[in-house]
Structure formats: structure tokens, C-alpha cells
Amino acid sequence: MTTIRAVKGTHDILPDEVAAWHRIERAAHDLFRRYGYREIRTPVFEETDLFARGIGAETDIVSKEMYTFEDRDGSTLTLRPEATAGIVRSVIEHNLMNTDPTLKVYALGPMFRRERPQKGRYRQFHQVDVEAFGIKAPSIDVEIIEMALGYLQACGLSQWELVINSVGDAQCRPAYVETLRTALRANAARLCADCQRRIQTNPLRVLDCKVPEDQPIIEGLPKISDHLCQDCRDHFAEVRRELELLGIPSTLSHRLVRGLDYYVRTTFEVLSRDLGAQNSVLGGGRYDGLVRGLGGPDIPGIGFALGMERLVMTIPATDAEPRCAVFLAPLVAGALDHALRLQRELRDARVSVLMDHEGRGLKSQMKRADKLGARFVAIMGEDELARQQWTVRDMKESTQETLGLDRVAETLIERILGVIKQGQARVG
């Protein structure tokens, strides 16, 4: 019979790999809460029109990469390729701005794009997504950037580069786009096929082209920084001033436009040298017209997203989490009942416990306990059973003691609490 394998572009996150994922998930919950952001969870599929209107029908995501299917009632649904559009839809549908006019939310979960799989990029991937609504001041741009960098550092990423730009707004960008389109048409024959198509559909995306032969042409194109209106200039100047005030280094790149149509004014990316050519680990920016464009009130928004797979690849390796704190080793048949009762008592006290169910020998069980990372092993053989006792071995200290049935659970709980407090003291 043919073995069924995971679909191309998907992957399993195996038990030994999950510790790193727990680390970045805990860091998100801890840090974002400190900044006043609350978690939101939206469906993994939405009406297709939400993404066509929100992201842009001519973007590569909508035109090439979305997983779209017809529902049984004839409607068209799409697995979410990104989180922002769904969150905005939820904000509008539930009138969240009425109860919180400066709404701050974050989300974690799977996204879906049918793009070419490569290092750290999958067709089902996971994102951390952060959004803030209702704040026009440049200081929220800086807060979002500061929090993004703080999150990466909390996850263990110490080497990064922040790249920023302003892509203008509805007042100044249309004129720049036409200027850019005119310059591109003059060089169209020398550009790659994708860039030739983008001249008509989305000229800004040409600036993000990675084809080596196109780079000299792109470097000579008009810069959006020379075409910003005064309001956009002032906004971006204040963002850069506040970043400098907080000691956050940044690099200005006139080619940073991001891949989604809804971005305006501030855009940013964080790059990591550990990812090779595709070195972006995080990106975001403002989308002040998106809520209105999806049928909601005219309120500003800003956010960022990062791929969790790519983040896991860049942070230092994480030691595997212990599978249990206590391992029970009943060596004779009569010890099983005592082990079952002790196991339940410890679990009721929120202690992680595993035990041997097969009656293996002591040497085999001790190897198993060591592999599971157990700190304590409670052993009951014929002698212990006759004396109604457990032999408890501390695997780290290489010590052991004998405890009666009436004291073993209480003593193990005390020992484990002591280990936890020692660990917290070292962290502190």
C-alpha cells in the first residue's frame, strides 16, 4: 500500500520541535499584553471578496497564491493568506471601535498561500500578527516598531536590521505611481516578465523585484521620497526622530514598498542575516484607508506580521522541555496499584507524571526516565512493597531517600516546588 505523505509545502511540527514554538508563543502573550494589546481569533477562511478588496485584486497574493474554493451554496471562500483583512472585518462587524476607540489586538495562527516552497516558507505557515486602530500620531508607528523589535529580542534574535520607508498616501502616491509607470514604460523591454506585467497592474511592486538583471534599472527609477506631500514628509520625519530618540537604529530604503496595496505612509521590515537571500523576518506598516475600504468607519490602522517558521529558524536552539517531573517505576505486579494512586495524587497537584506500564526492569526504566527528563524517579520493587515504601531518586543530585506511602506525594510536591523556585531565582 502506498504511504501517504504530507502535502507539498506543508510540514509537521514534531514533539521535539515544539519547545521553540512554545517559547515564541509565550513571548508574544507576555510582551504584547504589557503594551496593552489583547488577543483576537478569527476564522481561517473568509469570503474571497474580503481579500480581493482588502489586499488588492492585482497583487500576487490574490491573483496567484490564494487557496479559493466554491462552497456548497455557490459562494466563494478563501483560506486566509494573511491576518489583517480578517481582523479588520471582525472589527467592523462587531463594532469594536465603539467600546475601544484606540483598539489594540494581536493574533497567532495558520495562513495559506500557494507559493513556491523555500527555506522557511511553506504553503501552510503560521504568523504572529499585531494591529492598532484609531491612532493617527506618528508615535504609534514607533510603538509598533519598538514592540516588534522587543518581541524578536525576547525570542532570542539579537542580530537584526530595521529598514523603513514612507510610501505616501492617497494625496501624493497616485501622482508618483504615474511618474513611476512612465519611467518603467521607457525600460519595459529590458525588464523581466513579472515587472512588465506590473507596469500596468501595480508599478510599486517593481521596486521589490529581486531579479538580478533588473536591479540597475530599478535603482535609477524615481524615488517616492522626492514625491511625498508635506503631511507625509512631516509624519515620516517625526517617526524617524522618535526612533532616534529611543536609540533604535534604522536604515532608509526608498525601495521598501511591501507587497500589499493597503499600505500608506510608514512601512518597515526587519531583516536577519541568518535567512539567506530571503532575509525578511518581519514586516508591517500603516493602512489608514483599509477599514473604510472594507465598509467600516474612516479610522487609521497600523500593524506588523512575522512568519513563525522563519523566526524559529533564526533564534538559538531551545533545549527540549522535560516530558515529566516525576517518573514512577513499579517493578513488581503488586506495586502497580500504589503507582496508579500516587500518579493521580501528583497530577491532582499539577505535577507532570509518567510511569512504566510494561513492568520492565529497573535499568531499562531508569534509562527511560533519563530520556524523558524526569527530575525524580520513584521506585517500588519487592523490598519497597514489603515495607510499604518508595525509593525516590533525585536524578540531578544523584541522591535518593526512602519515603513511606503516607509521605511520598507530599514530599515530591515540596521537592518540585523547591526546584521551580531555584529556577526562578536564577532567572531573576
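Contact here means heavy atoms within 4.5 Å. The structure is a predicted model. This briefing covers an open sheet of 5 strands with mixed pairing, two helices that touch that sheet, the buried residues of helix α8, and the residue A154 in helix α6.

**The sheet**
- The strands follow the order β13-β12-β14-β15-β16.
- At the edges stand β13 (353-355) and β16 (399-404), each of which pairs on one side only.
- From one strand to the next, the twist averages 25 degrees.
- Strand β12 (residues 326-330) runs parallel to β13, and 3 bridges join the two.
- Within this pair, L328 is opposite M355 of β13.

**Helices on the sheet**
- Helix α13 (residues 336-348) packs on the sheet, where it touches β12, β13, β14 (376-380) and β15 (389-394).
- The direction of α13 makes about 165 degrees with that of β13.
- Helix α14 (residues 362-372) lies across β12, β13, β14 and β15, and runs at about 170 degrees to β12.

**Helix α8**
- In α8 (residues 193-201), the residues C195, R198 and I199 are buried.
- These residues lie on the same side of α8 because they cover an arc of only 115 degrees around the axis.
- The packing partners of the buried residues of α8 are α3 (60-65) and α7 (173-186).

**Residue A154**
- A154 belongs to helix α6 (residues 138-155).
- With a relative accessible area of 42%, A154 is partly exposed.
- Apart from its neighbours within four places in sequence, A154 is in contact with R23 and A27.
- A154 and M395 are 241 residues apart along the chain, and their C-alpha atoms are separated by 31 Å.

Notes: Residues numbered from 1 in each chain as written. Predicted model: local features only at pLDDT ≥ 70, side-chain atom pairs only at ≥ 80, totals over all residues. Heavy atoms only, no water. Buried < 20%, exposed > 50% of the residue type's maximum accessible area, 1.4 Å probe, protein only. Helix = DSSP H or I, 4+ residues; strand = E, 2+ residues; numbered from the N terminus. Arc of directions from axis to C-beta. Pairing = 2+ DSSP bridges. Axes fitted to C-alpha atoms, helices over the stretch in contact; angles between N-to-C directions.
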